[in-house]
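User: Please take a close look at one helix in this structure and at how its start is held. After that, go through the salt bridges.

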Amino acid sequence: MQNPTPRIPQQPAPNHRAEYDAGLTDELAAVVTSARRRALRDGDRQIDTAHLLHSLIESDPAVRAAFDGGPQLARVLGYLVQRSIGYGLRWQGAVEDSGAVPVVTGTGAEGWSPSAASAMADASRRAAADGRARAGGLDLLAALAADRENRAVEVLERAGVDPALLADRIVEASGPGPGTAEASGPGPGTAEAFGPA
């Protein structure tokens, strides 16, 4: 006997990861993929801001150019690669949530620490405020540096980098924004904005 109730086709589950990554440049999407791999390799359940900072520095020339020369960058990388020892040991098994910025809620932030999800959302807001549809590496670096309580900022400070000066340098290099004559020069995401590294 045939069931009189019509069969409702099952809808595929929404791909929140794809929706989340859609607002990123290809370069920043690659950074996120690298940070995700790094988190898995480290045995972490979530991508945190230190994973994002590490992947940004390794893959984005504009981000590397934002730092005050090679020695400073080498110190930052030195701390990042030592994540599994020393200061990073207390991070294991703990959720990163600085509470300094509003936390992004919802399934779109699954697999992200609250601080990392907030930094990604802030990077998108920075791009939108500058008239760009997609966030780039410098948007994310500025967002990471703006939250004074996250793990990325802890690494920067331990390496002797002033996060406020770094964020200011990125904003200054970004130019005055869309709609002005000066805005046609190098913008966020270009190493030329900082001059020689």
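Analyst: A polar contact is a pair of N or O atoms within 3.5 Å; within protein, one must be able to donate a hydrogen and the other to accept it, and residues adjacent in sequence count only if both atoms are side-chain atoms. Helices are DSSP runs of H or I with at least four residues, numbered from the N terminus. The model is predicted, so local features need pLDDT of at least 70 and side-chain atom pairs count only at pLDDT 80 or more, while totals for chains, interfaces and linings use all residues. Residues are numbered from 1 along each chain as its sequence is written, and side-chain values use heavy atoms, with hydrogens and water left out.

At the N-terminal end of α8, N150 acts as the cap: one of its side-chain oxygens lies 3.1 Å from the backbone nitrogen of A152. Helix α8 covers residues 151-158, and six of its eight residues are buried, so the rest of the structure largely encloses it. Buried means under 20% relative accessible area, exposed over 50%, and partly exposed in between (1.4 Å probe, protein chains only). The buried set is R151, A152, V153, E154, V155 and L156. G160 follows α8 and has a positive phi, near 85°.

A salt bridge is a side-chain nitrogen of Lys or Arg within 4 Å of a carboxyl oxygen of Asp or Glu. By this rule there are seven. R132 pairs with D130 at 3.0 Å, N to O, and with D139 at 2.8 Å, N to O. R132 is partly exposed at 23% relative accessibility, whereas D130 is buried at 17% and D139 is buried at 5%.

Notes:
Helix = DSSP H or I, 4+ residues; strand = E, 2+ residues; numbered from the N terminus.
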